[in-house]
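Got your viewer ready? Load the model, switch to cartoon, and follow along.

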Amino acid sequence: MIYRKYGQTDKEISIIGFGAMRFLDEDFKNGNYEKCAELVSYAREKGINYFDTAPLYCDDQSEKILGYAFRQMKKDFYVSTKTSTHVTGDKTSDDVLRRIENSLSRLGIDRINFMHLWCILDYDMFRGYTQKGGIFEGFLKAKERGLVEHISLSTHANGDDIEKMLETGLFEGVLLGYNATNFAFREKGLEAAKRLNRAVVTMNPLGGGLIPQRADYYSFLKQNDEDTVAKAAIRFNASHPEITVTLCGFSTKAQVDEACEAIKDLKPITEYEKLQIKSHLKASLNNVCTGCGYCDDCPKGIAIPKLMDAYNQYIITDKKEDIMSRIQNHWQLREENGGALECIACGKCEKACTQKLPIIKRLEEIASL
Ligand code: SF4
Ligand code: SF4
């Protein structure tokens, strides 16, 4: 295992992290926590020392499952969990404190190493949470009381907004979605974290399963014939020196092995290799949004990159229902059809689109769902 320092802290963290949101239904729904705990301790034996969970994961059982595993393990690992109003319903700083106490009790630990302000979608949402009287005060109180060691940001915002949020100095690290398909959307956030010496934990290296589902599209990521596309996608993230941890949602020991194999003989990715991947994305996925964000200035305020990301799911899986599921569950856009109905077809976004995508037509399709 390779370890990297978490931002300005003295913590050495494994570059592969355990995302505790994919325990098998057949195990935890039947109360078989023992089987899940075996997976957790197996990962620890392989050198993984970063465990990321949250309330609500796995039918709200993930923290409890980890707690069951941790009670049987030596306490030589780090734990990350999360909260925010729009996901967990914590409206006040006292709610946050209660949430943290509950997480501690479920996890069976005295202190949360990395507490995340969860799922920040843009800068306005961030400002709401961090203003005077906002829930962020609960995070600060928890830190003062020693319940939390470090406060971090978990976000799906674009690179510019991530940069602004990190520049406030409120966070020691950032957790963001980053993978071989969407990396252009967040590169600026990564650069800002590097400049400010903040840790970066990436989630979703397999694009929510999209990359291995279309192994043919993504075969250009592979280094040799024996490589799997999943391994290549994990290596893509881990090979960024500025990424501290690549989180993988594990269900099986074989997946833990695959992630550990992916980082054997790891070399830092070069700018040239990133450019090559971008050009492959255009060549082999030329009808897919790369998340660059250049179109993100709609006069009607439509979150175009998010809606085009949702449309990507349809292109890859051929299932239209995947569009709405991505809009609502991942992006949490609550307006009807994610706001696609508001489009007045002014054409501004299509002019800016680096992929020359038929955005207006795609929005019409989304609006008709
Ligand atoms: S065409 Fe529609 S989505 Fe694009 S900028 Fe104009 S109003 Fe916004
Ligand atoms: S729709 Fe086009 S411009 Fe907008 S984020 Fe996607 S690729 Fe970039």
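Where does L266 lie? Select it along with the helices on either side: L266 is in the loop between α13 (253-262) and α14 (271-284). Keep in mind as you click around that this is a predicted model.

Stay on L266 and bring up its contacts. Skipping neighbours within four places in sequence, L266 is in contact with I2, R4, I15, R235, A238 and S239. Now add H240 and draw a C-alpha to C-alpha distance: H240 and L266 are 9.8 Å apart in space, with their positions 26 residues apart in sequence.

**Zoom out: two domains**

Next, colour by domain. The domain assignment gives you domain 1 (3-274) and domain 2 (287-367). Put a marker at the C-alpha centre of each, and you'll find 26 Å between the centres of domain 1 and domain 2.

How many residues of domain 1 are in contact with domain 2? Select them and you get 17, touching 17 residues of domain 2. The area buried between the two domains comes to about 1,300 Å², and carbon and sulfur atoms give 56% of that. On the domain 1 side, show L121, F185 and L210 as sticks; these lose the most area to domain 2, together 35% of what that side buries.

Now for the polar side of the story. The count of salt bridges between domain 1 and domain 2 is zero. As for polar contacts, one residue pair turns up across the interface, with both residues at pLDDT 80 or more.

Which elements should you highlight on the side of domain 1 that touches domain 2? Pick α5 (85-88), α10 (183-195) and α11 (210-213), the elements that give two or more residues each. The largest share is from α10, with three residues. Colour that side of domain 1 by residue class and you'll see eight nonpolar, seven polar and two charged residues.

**Last stop: ligand 1**

Finally, centre on ligand 1 and select the shell around it. You should pick up 14 residues, and the closest are C298, C343, C346, G347 and C349. Turn the cartoon back on to see where the shell comes from: α17 (348-352) and α18 (359-367) are the elements that give two or more residues to it.

What is the shell made of, by residue class? Try the same colouring here: the residues around ligand 1 divide into 11 nonpolar, one polar and two charged.

Technical notes. Residues numbered from 1 in each chain as written. Chains lettered and ligands numbered in written order. Predicted model: local features only at pLDDT ≥ 70, side-chain atom pairs only at ≥ 80, totals over all residues. Heavy atoms only, no water. Near = heavy atom within 4 Å. Helix = DSSP H or I, 4+ residues; strand = E, 2+ residues; numbered from the N terminus. Nonpolar A, V, L, I, M, F, W, Y, C, P; charged D, E, K, R; others polar. Domains from an automatic or database assignment. Contact = heavy atoms within 4.5 Å. Buried area = accessible area lost by both parts, 1.4 Å probe. Salt bridge = Lys/Arg side-chain N within 4 Å of Asp/Glu carboxyl O. Polar contact = N/O pair within 3.5 Å; in protein donor to acceptor, adjacent residues only side chain to side chain.
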